[in-house]
Amino acid sequence: MGVFGNLRHSFEADITILPLGPETRKTHPFNGIRWDFCLVEDLDAKGKAREVSMVWPEFVDDSGASIPANVPLQGRLHALMHIVVPEMVEKHRQRLRVGSRFVCTEGSRPVAEGVITSLSPMV
């Protein structure tokens with residue numbers, strides 16, 4: 001069982017957590033973080049998210065096992081992505097593609113960026 005219980009992942013992605021700083025985070029995140037998700041095409045001219053969704057990453061190691069929740073995360077990692085709101089699955093099914101780029105945000109601050117690497121059957 002992963003960090004989000006029995007919630008099935010909808011796609012996979014490689015995510016780069018941005019370096020710590022005043023415009024990003026002051027501390028490293030941990031597995032189970034509940035960031036907002038925004039496709040790059042939905043950023044405004046200033047790079048702020050115009051539309052965000054509850055799509056949460058579950059970071060996994062090279063064997064596909066969930067990284068323990070007490071391990072600080074940094075750099076580039078692989079993640080299973082969970083669409084949390086069932087009513088949003090169809091909208092995402094129509095828009096997400098392998099190679100789509102996205103950002104993860106906390107409030108209005110970008111904290112990570114990623115690219116979709118594979119799509120799972122979305123139910």
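## A pair within one helix

In this predicted model, the side chains of Glu-90 and Arg-93 meet in a salt bridge, with a distance of 3.0 Å from N to O. Both residues belong to helix α1, where they sit three residues apart, which is about one turn of the helix. Glu-90 counts as partly exposed, at 42% relative accessibility, and Arg-93 also counts as partly exposed, at 37%.

Side chains of opposite charge can pair when their charged atoms come close. A search of the whole structure finds seven such salt bridges, and the sections below describe some of them.

## A bridge between strand β5 and a loop

Glu-106 forms a salt bridge with Arg-25, and the closest N and O atoms of this pair are 2.2 Å apart. Because Glu-106 lies in strand β5 (residues 101-106) while Arg-25 lies in the loop between β1 and β2 (36-39), the pair ties together parts that are 81 residues apart in sequence.

How buried or exposed are the two partners? Glu-106 has a relative accessible area of 18% and is buried, and Arg-25, at 13% relative accessibility, counts as buried as well. The cut-off behind this reading is that a residue is called buried when its relative accessible area is under 20%. The pairing also has a wider setting, for Arg-25, Glu-106 and Arg-109 are linked in a network of salt bridges.

## A bridge between a loop and helix α1

Helix α1 takes part in another pairing, in which Asp-42 forms a salt bridge with Arg-95 and the closest N and O atoms are 2.9 Å apart. Asp-42 lies in the loop between β2 and β3 (55-60) and Arg-95 in helix α1, so this pair ties together parts that are 53 residues apart in sequence.

The two partners fall into separate classes of accessibility: Asp-42 counts as buried, at 11% relative accessibility, whereas Arg-95 is partly exposed, with a relative accessible area of 28%.

## Confidence in the model

The chain averages a pLDDT of 91, and 98% of the residues score at least 70. Where in the chain is confidence lowest, and where is it highest? Confidence is lowest in helix α1 (residues 89-95), at a mean of 89, and highest in strand β1 (residues 11-17), at 97.

A careful reader can set these values beside the bridges described above, since helix α1 holds both Glu-90 and Arg-93 and also contains Arg-95, the partner of Asp-42.

Notes
Residues numbered from 1 in each chain as written. Predicted model: local features only at pLDDT ≥ 70, side-chain atom pairs only at ≥ 80, totals over all residues. Heavy atoms only, no water. pLDDT = per-residue confidence, 0-100. Helix = DSSP H or I, 4+ residues; strand = E, 2+ residues; numbered from the N terminus. Salt bridge = Lys/Arg side-chain N within 4 Å of Asp/Glu carboxyl O. Buried < 20%, exposed > 50% of the residue type's maximum accessible area, 1.4 Å probe, protein only.
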